[in-house]
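Trainee: I would like to go through this complex before setting up any calculations. May I ask some quick questions?
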Amino acid sequence: MSKKTIIPIGPYHPLQEEPEFFKLHVDGETVVKVDIELGYNHRGVEKLAESKTFEQAVYFVERICGICSTSHPIACCQAIEDAGEVKVPERALYIRSIIGELERLHSHLLWLGLAGHFLGFNTVWMWVWRYREDVINCLEIITGNRNHYCMMKPGGVRRDIKGEDIPTILGVLNGLKKPLDLFYKTVNQDPVLQARTRNVGILTRQNIIDYCGVGPLARASGVAIDVRKDHPHAAYGMVDFKVITTTKGDVFDKVDVRILEMFESVSIIKQCLEALKKTPGPIDANPAVIKAGDGIGHYEAPRGEVIHYIRSDGSNRPARHKIRAPSYVNVATNRTAVVGQSIADATIILGAVDPCYCCTERMAAIRVDNGEKTLTADDLIKLSWDKTSRLRKELGAAGPVLPLD
Amino acid sequence: MSFATSILTKSLNVFHCAGSPCNNCDIELLDTLTPRYDLERFGITLVGSIRHADVIMLSGVFNTKALIRAKRVYEQAPKPILVIALGNCACTGNIFIESYNLDAPVGKHIPVDILVPGCPPKPEAMIAAVAKLIAKLKGK
């Protein structure tokens, strides 16, 4: 009978930048089970968002994640506009799409580089990140910042894209064509990359449907889910683009989908820039008050659909702000993808999801030995009261009366 | 200048310790290693284990769960070690300071040698911080 070993990865480990904890149960070299423990990134974002005004909340949600740092603001603004029935000017919609697609380019390039790093192929990392700098430059030209662009506001955008900047942006985009072709060829022809990624970490179409997977991960398994197409927002209803899908669902397909999406992104930005020349007008609707109501904002972030829900009670702050990020569903697919693979492949499979834990961690779920248990807000409050009364007993102190006493 | 300081200020091995970050400082830190900034020219590399580190880069606000682990990482580090707090979150707690799940800034719990403000700091700022730190250690 074989003996099972548990290999802990994390929370501080060289694989990924964020703290997270994987427990790999291995039998010999084969992974038989994986446990994922999160909670190192929970900052209480939803609660804090309720203490900010609508304008501040947009800056605040930007700081949920540094990689999708325009996806959260767009979704948040759309939720606020939905709640307050604000009409956004067309020029602002195009600018939102341009920033969103530039972000997708930088995020996919970032992931492609890191994928090379996970495989121990650091040349890929260095080359890809060298060209990512061009995209970051482009964002700096438009927004003034390398990251955290601060471009969105309820009702529009903060800064306009000037007519004289358009040739510069087009120059950067045209310059990207050659490296993108190079990456596409490298991935499709390099024997090392092929050997490490083909038939590794397969997720079938049914797996994706079972886990409700979204984004490039789902599209690599043949599920054509893309909020840009299914529920057009920003300028996506006004431009022409394809939803890229592949069928196999292994790591290779996930790389492939992301590279092909970058070509689409370049094409979307070019169309938006063309439209921008013909669409003068204001960039901001300047809503004075946000009416009471509920609003939902979707946005296709680089990792999949991000949803923001906002309830406005007519004041200048959200009464409730709920966020669901794509990695929340995508990280769970690891429980299927890693099983049966060798431990050396586990790194790239765990990385292929493009996980973003800082986006994900909005709730606390605690695993206990006799099964799984989810703690509700009431449970958490009760636990807190329990702890307070225990401490009081230990210290012999008497404070204000708790509802529990 | 002591022997340890003289050794410490040559090719720095950096261990990156992120606690509840938004990833941006972390990405910018990796950016300094890639071809445009290329800190590896000066022998500055990221290491996978705290046992090999000369410098710990702290980024993020460190919530209660991550802080326990980060302190353990600091205790395991070979001394003397330099600690850099990277970004507004690690310096001050930034926009998250009122959160129920953290006790910011991280400098209260781990002795920090140098603060690099910015959200996120530009790669140039990080390079300047390392240069200043080395100059300070050498007593210049």
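Mentor: The discussion below covers confidence, then the interface, then one residue within it.

Trainee: What pLDDT does chain B average, and what ipTM does the predictor give the complex?

Mentor: This is a predicted model. Chain B averages a pLDDT of 88, and 99% of its residues score at least 70. For the complex, the predictor reports an ipTM of 0.91 together with a pTM of 0.89.

Trainee: On to the interface. How many residues of each chain are in contact?

Mentor: On the chain A side there are 40 residues, in contact with 41 residues of chain B. The area buried between the two chains is about 3500 Å², and carbon and sulfur atoms give 59% of that. Within chain A, the residues that lose the most area to chain B are Tyr12(A), Glu17(A) and Arg43(A), which together account for 23% of what that side buries.

Trainee: And the polar side of things: how many salt bridges and polar contacts cross between the chains?

Mentor: The rule finds 6 salt bridges across the interface of chain A and chain B. One of them joins Glu37(A) to Lys65(B), with the closest N and O atoms 2.9 Å apart. Residue pairs in polar contact across the interface number 22.

Trainee: Which elements of chain A give two or more residues to that side?

Mentor: They are helix H1 (45-49), helix H4 (90-118) and helix H5 (122-143) of chain A. H5(A) supplies the largest share, 8 residues. By class, the side of chain A that touches chain B has 19 nonpolar, 9 polar and 12 charged residues.

Trainee: Changing topic, where is Asn63(B) found?

Mentor: Asn63(B) lies in the loop of chain B between strand E3 (55-59) and helix H3 (64-76).

Trainee: Is Asn63(B) buried or exposed, and why?

Mentor: Asn63(B) counts as buried because its relative accessibility is 0%, and the cut-off for buried is under 20%.

Trainee: What does its side chain reach, then?

Mentor: There are two backbone atoms to note, one in each chain. The side chain of Asn63(B) reaches the backbone oxygen of Gly39(A) at 3.1 Å. Within chain B, that side chain also reaches the backbone nitrogen of Ala66(B), at 2.9 Å.

Trainee: Leaving aside neighbours within four places in sequence, which residues is Asn63(B) in contact with?

Mentor: From chain A, the residues are Gly39(A), Tyr40(A), Asn41(A) and His42(A). From chain B, they are Ser20(B), Asn101(B) and Leu102(B).

Technical notes. Residues numbered from 1 in each chain as written. Chains lettered and ligands numbered in written order. Predicted model: local features only at pLDDT ≥ 70, side-chain atom pairs only at ≥ 80, totals over all residues. Heavy atoms only, no water. pLDDT = per-residue confidence, 0-100. Contact = heavy atoms within 4.5 Å. Buried area = accessible area lost by both parts, 1.4 Å probe. Salt bridge = Lys/Arg side-chain N within 4 Å of Asp/Glu carboxyl O. Polar contact = N/O pair within 3.5 Å; in protein donor to acceptor, adjacent residues only side chain to side chain. Helix = DSSP H or I, 4+ residues; strand = E, 2+ residues; numbered from the N terminus. Nonpolar A, V, L, I, M, F, W, Y, C, P; charged D, E, K, R; others polar. Buried < 20%, exposed > 50% of the residue type's maximum accessible area, 1.4 Å probe, protein only.
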